[in-house]
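Trainee: Could we go through this model together? I should like to begin with the way the chains meet.

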Amino acid sequence: MKALLIAEYRQGKLLDTTYELQAFAGLLGAESAMVLVGSPADLPKFSGKLYLADVAKYGEYNPDLHKKVVLEAVAKENPDYIVFVHSSYGWDLAPRVAAALRVGQVSEVVGLPDGKFEVTCCNAKLRRTVAPKSARTVITIQAGAFSPQGEPQGAPQVEVIDVADPAGKTEFVGYEAAEQKDVDLTRAEIIVSAGRGVGKKENVQVIAQLAKALGGELGASRPVVDAGWAPHSHQVGTTGQTVSPKLYVACGISGAIQHLAGMKKADFVVAINKDKDAPIGEIADVLIVADVMQFVPAMTARCAR
Amino acid sequence: MKILVCIKQVPDMESRFKLNSEGTWYDEADLAFRMNEYDEYAVEQAVQLKERLAGEPEITVLSLGPDRVVEALKKALAMGADRAVHVKDDKYYQKDPWQVASVIAGHAAGQGYDLVFTGMQSQDRGSAQVGVTVAELLGFGCATTLVGFAYEAGVITAKRELEGGSKGVVKLKLPALVTCQLGLNTPRYPTLPNIMKAKKKEILVQPVSELLKEAEVTGTGGMYPPAKRGGGIVIEGEVNDQLDKLMGILKEKTTVLRAA
Ligand SMILES: Cc1cc2nc3c(=O)[nH]c(=O)nc-3n(C[C@H](O)[C@H](O)[C@H](O)COP(=O)(O)OP(=O)(O)OC[C@H]3O[C@@H](n4cnc5c(N)ncnc54)[C@H](O)[C@@H]3O)c2cc1C
């Protein structure tokens with residue numbers, strides 16, 4: 001069995017998620033080769049074949065061209081699996097590769113129970129196994145779901161890939177930096193986060209008061225930030241901060257995978273949710289089944305005593 | 001300009017899910033359905049573009065699914081789409097993303113669409129494949145996970161959301177497909193007059209068999225609720241009792257409250 005792992009390079013840097021791809025291939029029991037549109041000066045530690053296309057020529061986001069690079073490596077390696085991380089790069093590129101090859105794709109794999117590809121659905125309330133039906137399969141793995149074992153080692157055997165260069169259909173203009181941070185959640189020992197379940201902007205203050213009473217910081221889920229109830233620097237999750245506090249209190253947060261991705265390293269998780277089945281309960285040490293607006297002020301009063 | 005918006009109807013995610021008898025999908029009985037959140041951003045963006053171009057573009061909204069999806073189509077019409085296509089498929093959940101995308105591309109081929117909007121993923125299946133695959137099948141330029149959209153003289157300037165809060169700015173020429181993400185806009189609520197107007201708009205019904213030409217490339221093995229992580233404590237009851245228990249646990253199991 002052979003897997004072709006698609007490494008990623010973003011904003012001038014090889015991404016560490018490369019090693020999660022390797023960990024996944026290890027669990028699959030697959031022999032692996034790698035593809036990278038990146039820099040020859042920043043190669044992953046990997047003992048195997050690495051197909052390298054120079055980012056100076058191909059650009060960091062040029063999906064039409066990157067697709068060709070991957071297809072070229074597929075032709076050379078004839079892999080059973082083509083594996084991406086389910087990231088802004090992977091979810092954009094993987095379906096293009098699958099469509100070009102007319103093969104199946106399994107998105108955001110979180111586990112391999114009995115060798116089956118397990119994914120989540122319905123906001124993580126259910127899990128599903130997906131069975132590939134094509135000779136070859138494109139897989140994206142959830143970032144953080146497959147941890148690398150030990151220090152990566154080895155030096156890849158590099159083969160430079162050069163594909164004909166008709167301009168892609170998308171022109172990359174540039175990056176826009178994340179908003180300036182007014183808080184560093186990555187260092188906070190206690191984080192109390194507000195989710196959509198708090199209901200309205202004014203209620204976020206109530207959550208912030210609990211954070212203050214506990215000597216911690218305010219965090220937030222994505223919809224709270226998008227609604228303008230809290231600044232982006234407070235967002236926890238895939239497209240926010242990855243945090244590892246001693247205590248994480250999730251108030252009115254359902255526990256969507258993209259949120260969990262940012263906080264599942266917390267030592268102790270308390271969730272306050274009126275829905276006993278909310279998926280946050282899956283990772284919470286304590287789930288308080290209650291209305292946040294009743295429970296949180298009471299807890300603040302207790303802690304401020 | 002001809003615009004296509006693809007929408008899906010999904011259950012309210014706060015529902016209690018039960019499995020169907022085959023154990024391959026959720027049982028639809030007792031669920032309340034609504035338009036997929038990400039698709040609402042797609043409809044809103046299309047309508048905003050139409051407004052900015054003084055009403056010139058014609059917006060078609062398409063949904064694949066059983067009869068209930070007509071409700072989602074009507075909402076999109078009331079938000080400002082001009083016409084709807086209902087690809088009728090009672091067994092929609094047995095189609096894999098490749099088949100769904102080829103059905104949509106099958107409808108779109110020959111219709112002369114310049115711009116297609118989809119959500120970045122559905123809230124129930126979450127494959128994030130359908131939009132991009134439609135673009136590939138139609139040979140359209142494509143950008144995913146938009147949190148910013150501007151259009152000028154045949155060129156889209158899109159902001160893609162990346163990890164950690166930074167954004168990637170890209171340009172693409174029509175014909176193009178973009179997939180929409182939370183944060184792109186705030187979807188409008190249909191007003192009563194617009195709901196009334198929508199009643200007169202055309203909803204074309206087409207059986208999926210007329211459009212489906214592809215076999216599935218992935219299938220569902222089984223479906224099940226996640227295993228609960230061992231040790232998690234659930235506390236129900238009256239707030240003060242819940243608090244007593246929680247404070248006790250926090251004092252015992254963590255170091256954060258010892259000082260308090
Ligand atoms: C590419 C991508 C990236 C993403 N990145 C992130 C990210 O970085 N961070 C992030 O958080 N999300 C992210 N998301 C969004 C994510 O999928 C979810 O939509 C989001 O996390 C849901 O936020 P929520 O839990 O606050 O809201 P919801 O899912 O709407 O949940 C609200 C919860 O509150 C509960 N509730 C309601 N009222 C009350 C009440 N009165 N008392 C108690 N409980 C109540 C409900 O039972 C429910 O469980 C991303 C999505 C995508 C597609």
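Mentor: The discussion below takes the interface of the two chains and then a sheet; please keep in mind that this is a predicted model.

Trainee: How many residues does each chain bring to the contact?
Mentor: Chain A contributes 80 residues and chain B contributes 82 residues.

Trainee: And how much area is buried between chain B and chain A?
Mentor: About 6,900 Å² is buried between them, with 55% of it on carbon and sulfur atoms.

Trainee: Why quote an area lost for an interface?
Mentor: Interface size is often expressed as the accessible area lost when the parts come together.

Trainee: How many salt bridges does the rule find across the interface?
Mentor: The rule finds 12 salt bridges between chain B and chain A. One of them pairs Glu176(A) with Lys159(B), and their closest N and O atoms are 3.3 Å apart.

Trainee: What about residue pairs in polar contact?
Mentor: There are 40 such pairs across the interface, counting those with both residues at pLDDT 80 or more.

Trainee: Which element gives the most to the side of chain B that touches chain A?
Mentor: That is α6(B), with 10 residues. Other elements that each supply at least two residues include α4 (130-138), β7 (141-152) and β12 (218-224) of chain B.

Trainee: What is the make-up of that side by class?
Mentor: The side of chain B that touches chain A has 19 charged, 28 polar and 35 nonpolar residues.

Trainee: Changing topic, which strand of chain A is joined to β13(B)?
Mentor: Strand β17 (residues 286-289) of chain A is joined to β13(B) by three bridges, and the two run parallel. Within this pairing, Val286(A) stands opposite Ile233(B).

Trainee: What is the order of the six strands in the open sheet?
Mentor: The order is β14(A)-β13(A)-β15(A)-β16(A)-β17(A)-β13(B), and the pairing is parallel. At the edges are β14 (217-220) of chain A and β13 of chain B, each of which pairs on one side only. From one strand to the next, the twist averages 20 degrees.

Trainee: Which helix packs on the sheet at β13, β14 and β15 of chain A?
Mentor: Helix α5 (residues 201-213) of chain A does so, and its direction makes about 170 degrees with that of β13(A). Helix α8 (residues 292-304) of chain A lies across β15, β16 and β17 of chain A, at about 130 degrees to β16(A).

Trainee: How many bridges join β15 to β16 in chain A?
Mentor: Five bridges join these parallel strands, and Cys251(A) stands opposite Ile272(A) there.

Key:
Residues numbered from 1 in each chain as written. Chains lettered and ligands numbered in written order. Predicted model: local features only at pLDDT ≥ 70, side-chain atom pairs only at ≥ 80, totals over all residues. Heavy atoms only, no water. Contact = heavy atoms within 4.5 Å. Buried area = accessible area lost by both parts, 1.4 Å probe. Salt bridge = Lys/Arg side-chain N within 4 Å of Asp/Glu carboxyl O. Polar contact = N/O pair within 3.5 Å; in protein donor to acceptor, adjacent residues only side chain to side chain. Helix = DSSP H or I, 4+ residues; strand = E, 2+ residues; numbered from the N terminus. Nonpolar A, V, L, I, M, F, W, Y, C, P; charged D, E, K, R; others polar. Pairing = 2+ DSSP bridges. Axes fitted to C-alpha atoms, helices over the stretch in contact; angles between N-to-C directions.
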